[in-house]
Amino acid sequence: MANIWKTKTKDGHILTVEVRTIFVDHYGKLAQELLINDITETVHLQEQLMVQQSLRQKQITEAMFLAQEEEREHIGEELHDNINQLLATARLCLMAGQEEVETSTAVVRKGVDYLDKAIVAIRQLSKRLVMREIIQTGLVNSIKDLMETINMTKRLELELEVSDHLEEGLKEDEKIAIYRIIQEQLSNIFRHSRASRARIQLMKADHKIDLRIEDNGKGFNPRQTTKGIGITNIINRAKLLDGEVAIDTGPD
């Protein structure tokens with residue numbers, strides 16, 4: 001059996017050594033013999049490898065989320081600049097046809113109504129997709145807009161507590177990551193928890209962000225529930241900010 005020890009040399013250097021104990025027959029008596037192997041360099045190389053692997057994984061995850069945000073922005077711009085214009089033109093055509101026909105039909109009026117709804121829905125979708133909104137309106141205001149939309153459903157009552165000067169010093173990618181985490185978890189609560197109330201606490205102290213999202217839902221057994229894409233994305237986004245995720249829940 002081997003043990004790993006730290007020891008200091010006479011000149012003050014710290015060595016990592018592997019110590020093995022073997023039993024030998026010493027002139028008819030059972031004796032112990034220590035085999036000491038200097039593994040300082042090996043341990044140092046292993047630590048370097050782990051750091052490099054962790055950094056590489058972080059770079060891969062960061063690149064993946066950056067690509068997702070760029071794709072969302074592209075989709076948002078396409079919806080706003082292209083599809084909105086097409087629908088608006090279609091609406092004008094329908095209205096022109098409606099004016100020219102002596103007897104307007106219910107189908108034409110219905111078509112105009114549906115086009116109006118589609119334009120409103122696409123504008124809302126564009127607002128959610130294009131992350132410039134977070135930068136322009138601010139993280140806290142974007143969270144409030146998200147909560148207002150959910151509160152309109154009357155299915156979930158949301159509360160928000162935010163510390164003063166929260167956004168000072170936060171980078172754009174940090175604001176986006178925090179917003180996406182909140183967005184993902186509120187979606188989880190809304191779809192799965194059967195909760196009637198939820199609370200968001202976003203506090204800043206000693207250059208650290210503490211985000212807590214609580215609900216009064218049915219809970220689940222974290223040991224039996226496989227982490228879905230949503231929870232995995234939350235964990236990965238937190239890692240990009242050198243953060244940690246803790247899930248405190250249980251059945252009922």
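Is Arg20 buried, partly exposed or exposed, and what is its relative accessibility? Select Arg20: at 38% relative accessibility, this residue counts as partly exposed (buried means under 20% relative accessible area, exposed over 50%, partly exposed in between, with a 1.4 Å probe and protein chains only). The model is predicted, so local features need pLDDT of at least 70 and side-chain atom pairs count only at pLDDT 80 or more, while totals for chains, interfaces and linings use all residues. Residues are numbered from 1 along each chain as its sequence is written, and side-chain values use heavy atoms, with hydrogens and water left out.

**Stop 1: the sheet**

Select residues 2-8, strand S1, and residues 14-26, strand S2. Strands here are DSSP runs (E, at least two residues) and helices are DSSP runs (H or I, at least four residues), both numbered from the N terminus. S1 and S2 pair in the antiparallel sense over 7 bridges; two strands pair if DSSP finds at least two bridges between them. One bridge to display joins Lys8 to Ile14 of S2. The hairpin of S1 and S2 has 5 residues between the strands, and Gly12 there takes a positive phi near 95°.

Add residues 29-38, strand S3. S2 and S3 pair in the antiparallel sense over 10 bridges, and Val19 stands opposite Ile36 in S3. The result is an open sheet of 3 strands in the order S1-S2-S3, with antiparallel pairing. S1 and S3 stand at the edges with a single partner strand each, so one side of each has no neighbour in the sheet. From one strand to the next, the twist averages 35° (axes are lines fitted to C-alpha atoms, for helices over the stretch in contact, and angles run from 0 to 180 degrees between N-to-C directions).

**Stop 2: salt bridges**

Return to Arg20 and show Glu18: their side chains meet in a salt bridge, 3.7 Å from N to O. A salt bridge is a side-chain nitrogen of Lys or Arg within 4 Å of a carboxyl oxygen of Asp or Glu. The structure holds 5 of these salt bridges.

Next select Lys175 and Glu167, whose side chains meet in a salt bridge at 3.5 Å, N to O. Lys175 is buried, with a relative accessible area of 14%, whereas Glu167 counts as partly exposed at 23%.

**Stop 3: the S5-S6 hairpin**

Select strand S5 (residues 197-205) and strand S6 (residues 208-215), which run antiparallel and are joined by 8 bridges. Ala198 has Asp215 in S6 as its bridge partner. The hairpin of S5 and S6 has 2 residues between the strands, and Asp206 takes a positive phi near 55°.

Show the side chains of Arg212 and Asp210: they form a salt bridge, with the closest N and O atoms 2.9 Å apart. Arg212 counts as partly exposed at 46% relative accessibility, and Asp210 counts as partly exposed at 32%.

**Stop 4: helices H5 and H6**

Select helix H6, residues 229-240. Its 12 residues should span 16 Å at 1.5 Å a residue (the expected span is 1.5 Å times one less than the number of residues), and its end C-alpha atoms are 16 Å apart, which agrees. The buried residues of H6 include Asn233, Ile234, Ile235 and Arg237. Just after H6, Asp242 takes a positive phi of about 60°.

Add helix H5, residues 172-193; the axes of H5 and H6 come within 10 Å and cross at roughly 160°. That makes H5 roughly antiparallel to H6 (angles under 35 degrees count as roughly parallel, over 145 as roughly antiparallel, 65 to 115 as roughly perpendicular and the rest as oblique).
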